[in-house]
Amino acid sequence: MLNQLLSGDLPRSRLLSALLVLVVAYLATAPFLFSGARSLNVAATICVFLVLVASFDLLLGYCGVVSFAHAMFYGIGAYGVAIAMHKLGPTWGAMLVGAVAGLAVSLVLSLVIALVSLRVKAIFYTMMTLAVAAAFGALVTRMSGLTGGDDGRTFRLPEALTPGFRVFESQVFGTTINGKVLTYYLIFFTAALLFLLMLRVVNSRFGRVLEAIRENEFRAEAIGYRTLFYRVAVNCLAAALATCAGILMALWLRYVGPQTTVGFNVMLNILLMAVIGGLGTVYGAIVGVALFVVAENYLQSWMGSMSTSLVSVPLLAKLFHPDRWLLWFGAVFVLSVYFFPSGIVGKLRSSTKEVL
């Protein structure tokens, strides 16, 4: 049963299996295990970025396509829902209209970009996607009447997804089951289904052709595969999945803005998570996203405690000051790339093969 659910792609490492079980258990029980909005926000962010990073891995890890326009499709999904809910009101119909419109725009735009740009090789394609993403970001800030400009756009959700809505009058395992919890589980189960879909894709004949193109595009084309078709198809699929991630994040935050969706920092974070977890392994998205998001949210507060306790040693207190958390995070990233060049998941799987 588990083998079929995971499309025959088992973790193949005891340590990796333990890590995945730990992360999934945390995400499945987060509303009941941890109190406070911050811990639930961390869990929801992991769910959303899991889809986003895994979809980017379809492009880079499995097909060898380097695209800097991935965050753009993420933003299209978020803005699609936000604009529809803002204009049409907090209804399920408006949410559906925004989601469908965002997916339609992403598919059309990704198809056009792919048909025009994928004929160009290597760095030229990457630079073209970067230019398109930059142009879209500028368009978002200029169309302030529709998108809210630099301030972004806030909106309301249907009543069933608001914190004031209660499913049960009494608490369940010490937790009030309200609209916020329902929104979280909507995001969690949607992310889980999309992740299983990506596992099915990469372990299908389609996924094997993508790997063949990544390894040697000329040879794949020589044996009869239409490589341009497969690259266009995976580009559109990845764009649609990134749009779904944007929709989920918009529902959780009830806000969208340029810095949280289409900013270059979002694209950089996607790339970092993918590299840390391991390219060419869908499971790498789970590990990379979990480590990155937890570090981003808790490393700064942990360093603040360290700095306070080391006040008697001024040099160490300054070194562990919360404002320097990016320095430490960068050092950890450099070390992880040095010791795990194929990512954490790639390293764990290769170690298991060596033992066998």
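Colleague: How do the residues of the lining of the largest pocket divide into nonpolar, polar and charged?

Modeller: Happy to walk through that; keep in mind that this is a predicted model. Rolling a probe the size of a water molecule over the atoms shows where empty space is left. Here the largest pocket has a volume of about 490 Å³. Its lining holds 19 residues, with Leu6, Leu20, Val24, Phe195 and Ile286 closest to the centre. By class, 18 are nonpolar, 1 is polar and none is charged.

Colleague: Which helices each supply at least two residues of that lining?

Modeller: Helix 1 (2-5), helix 2 (14-33), helix 3 (37-63), helix 8 (179-202) and helix 14 (282-309) do.

Colleague: And what lines the second largest pocket?

Modeller: That pocket has about 330 Å³ of space and 18 lining residues, with Thr45, Phe49, Met249, Asn269 and Glu296 nearest its centre. The lining comprises 10 nonpolar, 7 polar and 1 charged residues. Helix 3, helix 11 (227-253), helix 12 (258-261), helix 13 (264-277) and helix 14 each supply at least two of them.

Colleague: Now a helix. Why do the buried residues of helix 16 line one face?

Modeller: Start with its geometry: helix 16 spans residues 325-339 and reaches 21 Å between its end C-alpha atoms, close to the 21 Å expected. Trp325, Phe329 and Ser336 are buried in it. Viewed down the axis, the buried residues fall within an arc of 30°, so they line one face of the helix.

Colleague: What do those buried residues pack against?

Modeller: They pack against helix 13 and helix 14. On the face turned away from the buried side, helix 16 carries the exposed residues Leu327, Val334 and Tyr338.

Note on methods: Residues numbered from 1 in each chain as written. Predicted model: local features only at pLDDT ≥ 70, side-chain atom pairs only at ≥ 80, totals over all residues. Heavy atoms only, no water. 1 Å grid on protein atoms, 1.4 Å probe; cavity = no way out; pocket = protein on both sides within 12 Å on 5 of 7 lines; lining within 4 Å. Points joined across faces, edges and corners; volume = space filled by probe spheres on them. Helix = DSSP H or I, 4+ residues; strand = E, 2+ residues; numbered from the N terminus. Nonpolar A, V, L, I, M, F, W, Y, C, P; charged D, E, K, R; others polar. Expected span 1.5 Å × (residues − 1). Buried < 20%, exposed > 50% of the residue type's maximum accessible area, 1.4 Å probe, protein only. Arc of directions from axis to C-beta. Contact = heavy atoms within 4.5 Å.
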